[in-house]
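This report looks at one buried leucine and at the salt bridges of the same model. The sequence and the structure are shown first.

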Amino acid sequence: MVNQILLSELRKNEKDHKIFEYQRQKDLQELEEYIKNIPFEITISITQKDWYYPSPVIYSEEDRSDQIKACRKYLTAKILKELEKQYESLKKYEIQKQSDIFEKKEKNTYQQMKNKMYSIQELIEILSIEDIPIERIHVIITVKSSELLCDSLTVLLGDNLPFSTSVYLTQNNFYTIRIPEEEHTLLWQAYRYKRFRDQELRISTKDVEKDKR
């Protein structure tokens with residue numbers, strides 16, 4: 001890989017979350033190919049074309065919190081669909097049916113089915129039930145800008161997840177300043193993560209637990 005910072009972070013195998021901003025698209029393409037050879041790590045990619053299909057369904061919800069829930073169901077479907085390529089045991093969950101709702105812009109079907117669609121918490125439960133050992137999920141975003149995507153991804157930065165998360169953005173930064181669930185709580189106050197801009201580590205979150213003592 002050309003980008004030695006990305007490569008170095010991959011090799012560290014740390015159990016923490018990472019956010020990479022303003023990355024070069026070529027580097028992320030190489031990164032995606034590289035990750036294919038790393039066991040127990042997967043990549044999901046959200047391009048401008050990918051986002052074109054689910055966004056009408058997601059934005060059909062009037063309330064911002066419901067839009068975030070819809071977006072998280074979309075992310076869950078993408079993660080499970082990627083995992084299904086490796087684990088046939090996931091086929092019984094009929095993930096494609098939920099994925100199709102977003103990919104085919106089925107707003108009415110979403111309203112009928114949304115309460116039965118998988119959430120991030122249910123994703124975690126499925127990983128436990130099926131004994132699937134995912135160590136890190138890499139989310140590559142080449143969408144020009146989406147505060148909603150960033151807000152929705154915060155759920156993947158929690159301390160008690162069975163996997164770590166890396167988020168990569170090409171044309172922008174990670175927009176979220178305050179977490180959606182608690183509008184008075186800043187992102188860095190709620191989660192531990194490392195933050196990179198361009199090819200340098202610029203910000204590392206402080207240890208929240210230590211600050212509480």
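Contact here means that heavy atoms lie within 4.5 Å. The structure is a predicted model, and every value below is computed from it.

**Surroundings of L187**

L187 sits in helix α10, which spans residues 187-190. Leaving aside residues up to four places away in sequence, L187 touches T154, L157, F174, T176, I177, R178, I179, Y193 and R195. Its relative accessibility is 2%, so L187 counts as buried, the limit for that class being under 20%. As a reference point elsewhere in the chain, M117 is 70 residues from L187 in sequence, and the C-alpha atoms of the two are 27 Å apart in space.

**Salt bridges**

One of the residues that L187 touches, R195, also takes part in a salt bridge, its partner being E21, with the closest N and O atoms 2.7 Å apart. Because R195 belongs to strand β5 (residues 193-197) and E21 to strand β1 (residues 17-21), this pair ties together parts that are 174 residues apart in sequence. R195 is buried, with a relative accessible area of 13%, and E21 is buried as well, with a relative accessible area of 2%.

How many salt bridges does a search of the whole structure find? The search finds 17, and three individual pairs are set out below.

| Pair | Closest N to O distance |
|---|---|
| R195 and E21 | 2.7 Å |
| K81 and E103 | 3.0 Å |
| K85 and E82 | 3.1 Å |

For K81 and E103, whose closest N and O atoms are 3.0 Å apart, the pair links distant parts of the chain, with K81 in helix α5 (residues 64-84) and E103 in helix α6 (residues 95-103), 22 residues apart. K81 counts as partly exposed at 26% relative accessibility, and E103, at 36% relative accessibility, also counts as partly exposed.

In the remaining pair of the table, the side chains of K85 and E82 meet at 3.1 Å, N to O. Are these two residues buried, partly exposed or exposed? K85 has a relative accessibility of 65% and therefore counts as exposed, whereas E82, at 22% relative accessibility, counts as partly exposed.

Beyond these pairs, salt bridges also join residues into a network, which links E9, K12, E14, K18 and K194.

Definitions and conventions:
Residues numbered from 1 in each chain as written. Predicted model: local features only at pLDDT ≥ 70, side-chain atom pairs only at ≥ 80, totals over all residues. Heavy atoms only, no water. Helix = DSSP H or I, 4+ residues; strand = E, 2+ residues; numbered from the N terminus. Buried < 20%, exposed > 50% of the residue type's maximum accessible area, 1.4 Å probe, protein only. Salt bridge = Lys/Arg side-chain N within 4 Å of Asp/Glu carboxyl O.
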